Every structure is written in structure tokens, then in C-alpha cells.
Amino acid sequence: MTVDSTLRRLIRQYILRTPQLDTAEIAISVTDGIVRLRGRVENPLLERLAIGLSKQVHGVRDVHSELSYGAANPDYLTRLTLEKRLRDTLEVPDGRVSVVVQDGVVSLKGIVRWNYQKEAALEVGRSAGLPLEDDIEVNPRSTNDTDKDSVSDALRRDGHISCEDIEVVVSGQTVMLVGSVPSEEEKETAEEIVRTIRGVKDVKNALYVK
């Protein structure tokens, strides 16, 4: 991984941890330590926040902003709302169901143990009043479960994967990878790493290239 790609990954992590900023609306490129921000934020204050976060990363020489101002993407706002509702729904286990909203369509992805957990998640999805795609699998836990933390740690240990946008969902001996990666190569590498983990019998790769 080059210095510039490392800087880009660190800046993405900073922005990802800032609720006021939407990583889906901000494109980051780094060349010789010079950062360029493109995309959209709601107002000049958030532009200054994005610039300030980028400058905090050691190794950044300068930041050039080409950000424009406008309302947040409605898909992004819907996703935030549904993710909060899922966290507040006791019947849905934490981290088992992820939300994707694209072009006004809600997709729920993940693996749960019981049908009532799936129905509770779908009820949350329906609350948005938008078309809903159901990609939730019901799979009762086996006696040889794969540990979610071990999968996440294995991905983090590999220096060639930007895993900040990867969510790991485990059900029994099946692992689902949900989220985004910068390239097709990283998508394939992530799956290969998970398949080498002892106890993993199947990998469902739902990652998309951003």
C-alpha cells in the first residue's frame, strides 16, 4: 500500500467517524501528500470540518477543496434513520442486519437466527415507506460458530485491505461481508482471507466497489 493510499484510508476513517459528514458524498484523492476533496456537503461549516479532519492526518502536505454545498442525499438520511431504528429494536441482534438505500429503494442484508428477528428487521425497513428488498437469511446457529471478532481481526491485520467500510455478519459457520471497498482486488482478497479462517464453511461476499 502506497503512502498516498494510506493517507486516503486514514482520512476516510476520520470522516467516517464524523456523523455530520457523509462519506458517500465526498470523494477523496491524494497525490504526493496533496489531498483533493470533491463532492457535496450541506454548508461551508462542514466543508471546513472536512478540510480540518484531512489536515489532522500526519503526512498530509495540503488540502484542496472542490466541495459544493447542498442538501444531504435523501438516501443517506433514510439509511441513518433506519440504522438507528434497528439499533433501538431489541428483537434484532446488533450487527446482524445492514441497511443499504439506493435510488429510493431500501435493501436489508444479513443473517439472523430466528424468523421473528427477520420480521422485526423488515418491519423497521417498511417504516421508511419506500420499496423494500429483503436479503435477510434465517439460519439457526450451529454448535461450531465462527467468531465475528476473529474474522474482523483477520481483515484488519491484512495491510492491503481498507476494512473501515466492511461489516462482518456471522451466522454459524457462514460469514457475510457487507459494505464497500475501493477495488475489485480488495473485494476478492477479503473473501480469500475469510475463507482461510478455521471454522468458516461458507462466505457470502456482498461487498461492492465504491
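**A walk through the chain, starting at Ser98**

Let's begin with one residue: Ser98 is part of strand 4. Keep in mind as you look around that this is a predicted model. Is Ser98 buried or exposed? With a relative accessible area of 5%, Ser98 is buried, because anything under 20% gets that label. So what does Ser98 touch, once you skip the residues up to four places away in sequence? The list is Ser107, Leu108, Lys109, Glu167 and Val178. There's also a long-range link to notice here: Ser98 and Gly179 are 81 residues apart along the chain, yet their C-alpha atoms are separated by 8.5 Å.

Before following those leads, step back and take in the whole thing. The chain has 6 helices and 9 strands. Its radius of gyration is 18 Å, close to the 17 Å that the globule rule gives for 210 residues, so the chain is as compact as a globular protein of that length. If you draw a box around the C-alpha atoms along the principal axes, you get roughly 50 × 40 × 25 Å. Of the 210 residues, 42% count as buried. Distant parts of the sequence meet a lot, too: among contacts with a separation of 6 or more, 64% are between residues 24 or more positions apart.

The outside has its own numbers. About 11,300 Å² of the chain is exposed, and carbon and sulfur atoms supply 48% of that area. As for charge, the chain carries 29 positive and 35 negative charges, and the mean positions of the two sets are 3 Å apart.

Now back to the leads from Ser98. Val178 and Gly179 both belong to strand 8, where they sit on opposite sides. How many residues of strand 8 (residues 174-181) are buried? The count is 8 of the 8, so strand 8 is largely enclosed by the rest of the structure. Both of its faces are covered: Thr174, Met176, Val178 and Ser180 are buried on one side, and Val175, Leu177, Gly179 and Val181 are buried on the other.

Strand 8 has company along its edges as well. Strand 7 (residues 166-171) pairs with strand 8 in the antiparallel sense, over 6 bridges. You can pick out individual links: Glu167 has Val178 as its bridge partner, while Val169 has Met176. Strand 7 is mostly covered itself, with 5 of its 6 residues buried. The hairpin formed by strand 7 and strand 8 has 2 residues between the strands, and Gly172 there takes a positive phi near 65°. Strand 9 (residues 202-209) also joins strand 8, this time running parallel, through 8 bridges. Val178 turns up again here, with Ala206 as its bridge partner in strand 9.

Positive phi values are worth a short detour. Most residues other than glycine have a negative phi. Which residues here go the other way? Asp32 is one of them, with phi near 55°. You'll find Asp32 in the loop between strand 1 (26-31) and strand 2 (34-41), and Asp32 is exposed, at a relative accessible area of 55%. Asp103 is another, not a glycine but with a positive phi of about 55°. Asp103 sits in the loop between strand 4 (97-102) and strand 5 (105-112). At 67% relative accessibility, Asp103 counts as exposed.

The last stop takes in a helix and another strand. Thr78 has its place in helix 3 (residues 74-88), and Thr78 is buried, with a relative accessible area of 18%. Leaving aside neighbours within four places in sequence, Thr78 is in contact with Val101, Val106, Ala128 and Leu130. Look at Val106 next, and you'll be led to Leu132: the two are 26 residues apart in sequence and 4.8 Å apart in space, C-alpha to C-alpha. Leu132 lies in strand 6 (residues 132-138). At a relative accessible area of 29%, Leu132 is partly exposed. Beyond four places in sequence, Leu132 is in contact with Val106, Leu108, Leu122, Gly125 and Arg126. Leu108 closes the loop of this tour, since Ser98 touches Leu108 as well.

Terms used:
Residues numbered from 1 in each chain as written. Predicted model: local features only at pLDDT ≥ 70, side-chain atom pairs only at ≥ 80, totals over all residues. Heavy atoms only, no water. Helix = DSSP H or I, 4+ residues; strand = E, 2+ residues; numbered from the N terminus. Rg over C-alpha atoms; globule rule 2.2 N^0.38 Å. Buried < 20%, exposed > 50% of the residue type's maximum accessible area, 1.4 Å probe, protein only. Contact = heavy atoms within 4.5 Å. Areas by Shrake-Rupley, 256 points an atom, 1.4 Å probe, with all protein chains shown as cover. Lys, Arg positive; Asp, Glu negative; His and termini not counted. Charge placed at Lys NZ, Arg CZ, Asp CG, Glu CD. Pairing = 2+ DSSP bridges.
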